[in-house]
There are 2 protein chains.
Amino acid sequence: MKVFIEPPTDQWAELLARPALQADDLGARVRPIIEAVRQEGDAALQRFNRQFDSYEGALQIEEKAINEAPQKIEPTLWQALRQAYANIRAFHEAQKEEPKIIETMPGVRCWRRSVGIERVGIYIPGGTAPLFSTVLMLGVPAQIAGCSEVVLCTPATATGKVHPAILAAASLCGIGKVFAVGGAQAIAAMAYGTATIPKVDKVFGPGNQYVTAAKQMLAAEGVIAIDLPAGPSEVAVWADEHAPAAFLAADLLSQAEHGSDSQVILVCDTEAKINEVLQAIETQLSHLPRAHIAREALRHSRAFVMPHAEQALRLLNSYAPEHLIVARRDAARYVERITNAGSVFLGYYTPESAGDYASGTNHTLPTNGFARMYSGVSLDSFVKKITFQEITAEGLQQLGATVCHMAAAEGLDAHKLAVEVRLDALSPNPQL
Amino acid sequence: MKVFIEPPTDQWAELLARPALQADDLGARVRPIIEAVRQEGDAALQRFNRQFDSYEGALQIEEKAINEAPQKIEPTLWQALRQAYANIRAFHEAQKEEPKIIETMPGVRCWRRSVGIERVGIYIPGGTAPLFSTVLMLGVPAQIAGCSEVVLCTPATATGKVHPAILAAASLCGIGKVFAVGGAQAIAAMAYGTATIPKVDKVFGPGNQYVTAAKQMLAAEGVIAIDLPAGPSEVAVWADEHAPAAFLAADLLSQAEHGSDSQVILVCDTEAKINEVLQAIETQLSHLPRAHIAREALRHSRAFVMPHAEQALRLLNSYAPEHLIVARRDAARYVERITNAGSVFLGYYTPESAGDYASGTNHTLPTNGFARMYSGVSLDSFVKKITFQEITAEGLQQLGATVCHMAAAEGLDAHKLAVEVRLDALSPNPQL
């Protein structure tokens, strides 16, 4: 981890640059997979399952397996899942929006209603960690939104199983349709539908470069909407001199262990604190099974000495981190000045992992600087907000002239006519 | 306009198909424009201005011209703009969300704050109609959101001018940076920034196929976010037997006059009503300057006789119209059963043009069936919703075990460690 002491602002862009993404021609590799699924449906999925996951079994996981999954995991884990579910549910329930009728003029009433997206798909990757926490993060808001069809795809392991914790989390969220399909082929299956897997309108969830390329391509073509553009995970930690170095080191490592392409940024008031943290990282690394991954990630990570809060905030906002830990005694002071971040963790006892799993906030967040213009996943991501209006005859008499003047000036006469025929019908001597 | 009487559901997809978009290789034509702007900046913009718009003047419109624009338009139009502004502002102000602190467990406090996207760009096309109404629809929520930099690009006319109504609308919204640049080059300029035009993070607004291709390409590459995927405008009108045919005809025509690729759908309880409407359309067309455009649009439009409300609603939800006019006496009854639509107009005296211009709702809406999974533009489109959490030592003691069990089961030990080092520090005999 390289250390920089108050670098001049014109170097920030370079110092805060994310590790370059592989610019492989992923499209050329993913396109044939998508096409095969679109044209052959289940047959293609079965072929890819054999080829990529050595899995020969049924595409759909039996509902019985989902219902029984809670008994297949450790009771303490089940209890933890239920607690996390309750917290995530409480936080996302509060994002519900009741229609508020605004009478913009007498007789002109406008409002909007949130309606769940009918059909949504959740992708949960296989790989080194069974991400059942992501099932909760996506399944809970889908459930609250009232999405009527929720489909979950996740690859079967080599032994032909989907991890029971993934199924247990699905059962908590009322997801009954789980399919043992992974990779770009799973995204294509949910986008186009097959005989077995229902077509959905929006696809959520993380994945490898093929998965994210498939999501991006199908979204660009308008076949599906997606949750967020993809990018490697990242955290920025901003600490004062009192923040215990061991806390900061563990926070940085919990990001770094995600993948060798993760990035962590440490900003401290003093160089001494950074050195303490670097030492604590070394100590902790020696006990961590995923140390090799974390070391890779640390290689392209950066530490900054920024003694002035004002400058530190500017740096952090310009980085726009997915996660921002403000490990400062005076953390609350800065809430209003954090303008670009996915999720913010305030104070010494608020590790990112609390939000990753169980405090209630969502962990599907904008990476790669996208926090400048995207929000993380929330209940909003699972609904459409449809606007409604109802205008009375009197209301149109109030509003009509405004519409007619504007329509005429834009040269859209039928727009004007739609008001005029109505006002005419209300007049004592209709002409039109 | 072809008429179908209660078509069987298995024909709906075909009958409701949108006119196929031109599948030109737009990318190959737009890419060099984007690259030129990225590499050459203002020089490329000036070249394209000469080439495409025969415009040789300055890129930036003087602030004086913006400030004086209100005096350059008809007083009645200025009054109309101010009324529309007030209504749009009232409706969008009500979309503000105050942070709500949710204590998911004792000592675990989570909330989210809406923060304006710092830099946004608005594109307003030139062409047959000066779309100053769109300036209001995008400028007002940008202003409410507190976006600190709002950039507007619009092509200069052949006479080297930007329409004063566009500038007047910009002045109402406090937009001081207006540039006379159009087309894909304007989108590229806002995405990458040039010496004159500031880089923005999200680009809004309609445009021709080159503009929308540039938006889509730059969004797919993660350079900018965009408002919505593009598609031709459309309306569905659902009328009962009492709805005056002239009202319905004018509503259909006000959509059809937008462009030859617009689509209108009419759903009535009886064939007699459809015939009345078709006749009224003919009568009205003879008076409309844009009749040639509307006739083109009507050619690929459809009318359906659907005597059963239940079936009609299913058909309309499966079409997922951008605009849905429910010209029925009992319109209010159906509000809760409309699940896929951009914006809904209830009753006989609520023409779409009211919402297009001045009632208060936004007119930037999901087309092309995207109402299944996208919302129209709202205040939400101009903000990020950043989540925050603050956990006390006691809160972490409550929540910690849940996080640790889940992290361990996902094989992410540093995540667990980040909690453990903190709980350890709180214990009477710290070990770590």
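Q: Which residues does A:His415 touch, not counting residues up to four places away in sequence?

A: Contact means heavy atoms within 4.5 Å. Outside the range of four places in sequence, A:His415 touches A:Ala407 and, in chain B, B:Ser254, B:Glu257, B:His258, B:Ser353, B:Asp356 and B:Tyr357. This is a predicted model, in which local features need pLDDT of at least 70 and side-chain atom pairs count only at pLDDT 80 or more, while totals for chains, interfaces and linings use all residues. Residues are numbered from 1 along each chain as its sequence is written, chains are lettered from A and ligands numbered from 1 in the order in which they are written, and side-chain values use heavy atoms, with hydrogens and water left out.

Q: Where in chain A is A:His415 placed, and is A:His415 buried or exposed?

A: A:His415 belongs to helix α16, residues 413-426 of chain A (helices, H or I with at least four residues, and strands, E with at least two, are DSSP runs numbered from the N terminus). Its relative accessibility is 1%, so A:His415 is buried (under 20% relative accessible area; exposed is over 50%, partly exposed in between, with a 1.4 Å probe and protein chains only).

Q: Which residues carry the UniProt feature "binding site"?

A: The unreviewed UniProt entry puts that feature at A:Gln255, A:His258, A:Asp356 and A:His415. These positions span 161 residues in sequence and their farthest two C-alpha atoms are 54.9 Å apart, so they do not all gather at one spot. UniProt positions follow the numbering used here, with shortened feature names, and annotations may be inferred rather than shown by experiment.

Q: What is A:His258 in contact with, leaving aside neighbours within four places in sequence?

A: With those neighbours set aside, A:His258 contacts A:Ser233, A:Arg290 and A:Ile293, as well as B:Leu412 and B:His415. A:His258 sits in the loop between α10 (245-256) and β10 (263-268) of chain A and is partly exposed at 35% relative accessible area.

Q: Which residues does the "active site" annotation cover?

A: In the unreviewed UniProt entry, the annotation covers A:Glu322 and A:His323. A:Glu322 is in the loop between α13 (309-319) and β12 (323-327), whereas A:His323 lies in strand β12. A:Glu322 is buried at 5% relative accessible area, and A:His323 is buried at 2%.

Q: Which backbone atom lies 2.9 Å from a polar atom of the A:Glu322 side chain?

A: A polar contact pairs N or O atoms within 3.5 Å; within protein, one must be able to donate a hydrogen and the other to accept it, and residues adjacent in sequence count only if both atoms are side-chain atoms. For A:Glu322, the partner at 2.9 Å is the backbone nitrogen of A:Glu234. The side chain of A:His323 reaches the backbone oxygen of A:Glu234 at 2.8 Å.

Q: How much area do chain A and chain B bury between them?

A: Buried area is the accessible area (1.4 Å probe) that two parts lose on being put together, summed over both. Chain A and chain B bury about 10100 Å², 61% of it on carbon and sulfur atoms. A:Tyr349, A:Glu410 and A:Arg422 supply 8% of the area that chain A buries against chain B, more than any other three residues.

Q: How many salt bridges cross the interface of chain A and chain B?

A: The rule (a side-chain nitrogen of Lys or Arg within 4 Å of a carboxyl oxygen of Asp or Glu) finds eight across this interface. One of them joins A:Arg372 to B:Asp201, N to O at 2.2 Å.
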